[in-house]
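Trainee: Could you take me through one part of this model in detail? I'd like to start from a strand pairing and work outwards to whatever packs around it.

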Amino acid sequence: MPEPANRSAVLLIQTAFIGDVILGTALLEHLQRTEPGTPVDFLVRKGNEGLLKSHPHVRQVLIWDKKKDKYRGLWRLLQQIRRAQYGRVVTLQRFASTGFLTAFSGATERIGFDKNPFAARFTRAIPHVIGAGVHEVSRNLHLLDPTYDGPLTPPRLYPTAADEAAAAQVARTAAGGPYLCIAPTSVWFTKQFPEEQWLKLLAALPPQYTVFLLGGPPDVEGCERIKAATTRPGVVNLAGKLSLLASAALMRGATLNYVNDSAPMHLCSAVGAPVCAVYCSTVPYFGFGPLSPFSRVVQIEEKLVCQPCGLHGHRQCPLGHFRCAHGIETQQLLAALAESELVKR
C-alpha cells in the first residue's frame, strides 16, 4: 500500500501491454529531469511489475491483477489511490477502467486523453491523434506538458545487477565472439515475421555469429520450432529463460537485434540496443517505432493498398495472402546487419 503522499506526488497509470509500459518510462525520465525530487508511483497490470524493479525514478509500483477479481480489484485500487492523496494522476490509456481511477482519484490534477470515456471528469484532457508520424512517447509527454516542444525523451529501463549477471553468463556461451538476438514471435499473427522467413535469415547470416532466440514462456514452442528447423549451428533458444530486464541487458551487447513491431523492439529502445524492426501489417507512421541510437525498419518495398490493415495486428491476414510479410527480402535484413557492423567498428 502506498504511503500517504504530499500533494506533489504523481501517479502514472499504464495497465496495457509490456511495450506500452516501456514507452511510459519516458515520462519518468522527463519528470526526473524537470521535477527532480517529485515522488512518482507507477500502476501496471500484474505481470509487468518486473519492468520497474529497482527503477531509480519510481517510488512504488502499484499492481492491478486483471485476471483475478478484476473489478473488485479495481475498486480496491481506487481506495488505495484516494488514500495516497496524489497531486497528479495521469492515465496513459484511453480505456474506461483507468479513466475511472483517474477521474475519481481525488487528485488535484486528473489528466488523460480526450478519447477516454471519463475525460469529462479530467482537469486536463489532451487530444490523442495517431498518425502524421507522431511518436507515442511524444503523445504521452504532452499529458505532462501540453506545450512541450523539446527533443523526444527516450524510454529507459534499468536492469539490476542480477539481470546484468544473467545476461553476461549467456553472452559467455558465445565464446567471446559476436552475437545476434532474434525475437521472432508476437501476440498478433500479422505482426509476426513468418517462421519460414526467419529460417531464410538464419541460413544467410554470417557464420561467426551466435544467435540467441528470445521470448517469454508463451514463445518457447515457437522458438524451439525455429531452432529445430534450421541447420545453422550456434542457435540457442532462450525463450522463457531470462527476465525482461535480463533480455534487455543481453540485447544491449548484441551486434544487432532482429525484432517484430512488438515489445522486444521497445526493450531495445529502453537500453539503447541496436535494432532492426521488421514491420509486416503495421507501419511506423502510427508512432510506435524504434528509438535506439541505431534503429532500422524493414518493410516490404512494394506499395500495398492493404497495408496497414489496422492499428494493431490480426489473427490472420484479412485478405489471406500476407504479402506484407512474405514480400520482405532476406537481403533487406542483411543490409541492416552490415550497417550495424560498420557502426560497431
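**Around strands 7 and 10**

Mentor: Let's start with strand 7 and strand 10, which pair in the parallel sense over 4 bridges. Keep in mind that this is a predicted model. If you want a residue pair to find the register by, take C181, whose bridge partner in strand 10 is N257.

Now zoom out to the sheet. The pair belongs to an open sheet of 6 strands, ordered 9-8-7-10-11-12, with parallel pairing. Strand 9 (235–237) and strand 12 (295–298) are the edge strands, each pairing on one side only. On average, neighbouring strands of this sheet are turned by 20° against each other, direction ignored.

Next, the helices. Helix 11 (residues 330–344) lies across strand 7, strand 10, strand 11 (275–278) and strand 12. Against strand 10, helix 11 runs at about 145°.

Then there's helix 8 (residues 244–252), which is worth a slow look. Of its 9 residues, 7 are buried, so helix 8 is largely enclosed by the rest of the structure. The buried ones are L245, A246, S247, A248, A249, L250 and M251. What do the buried residues of helix 8 pack against? Strand 7 (179–183) and strand 10 (256–260) are both among the partners, so to speak our starting pair again, along with strand 8 (210–213). Two helices complete the list: helix 5 (161–172) and helix 9 (263–271).

So, on screen, begin at C181 and N257, follow the strand order out to the edges, and then bring in helix 11 and helix 8.

Definitions and conventions
Residues are numbered from 1 along each chain as its sequence is written. This is a predicted model: local features need pLDDT of at least 70, side-chain atom pairs count only at pLDDT 80 or more; totals for chains, interfaces and linings use all residues. Side-chain values use heavy atoms; hydrogens and water are left out. Buried means under 20% relative accessible area, exposed over 50%, partly exposed in between (1.4 Å probe, protein chains only). Contact means heavy atoms within 4.5 Å. Two strands pair if DSSP finds at least two bridges between them. Axes are lines fitted to C-alpha atoms, for helices over the stretch in contact, and angles run from 0 to 180 degrees between N-to-C directions.
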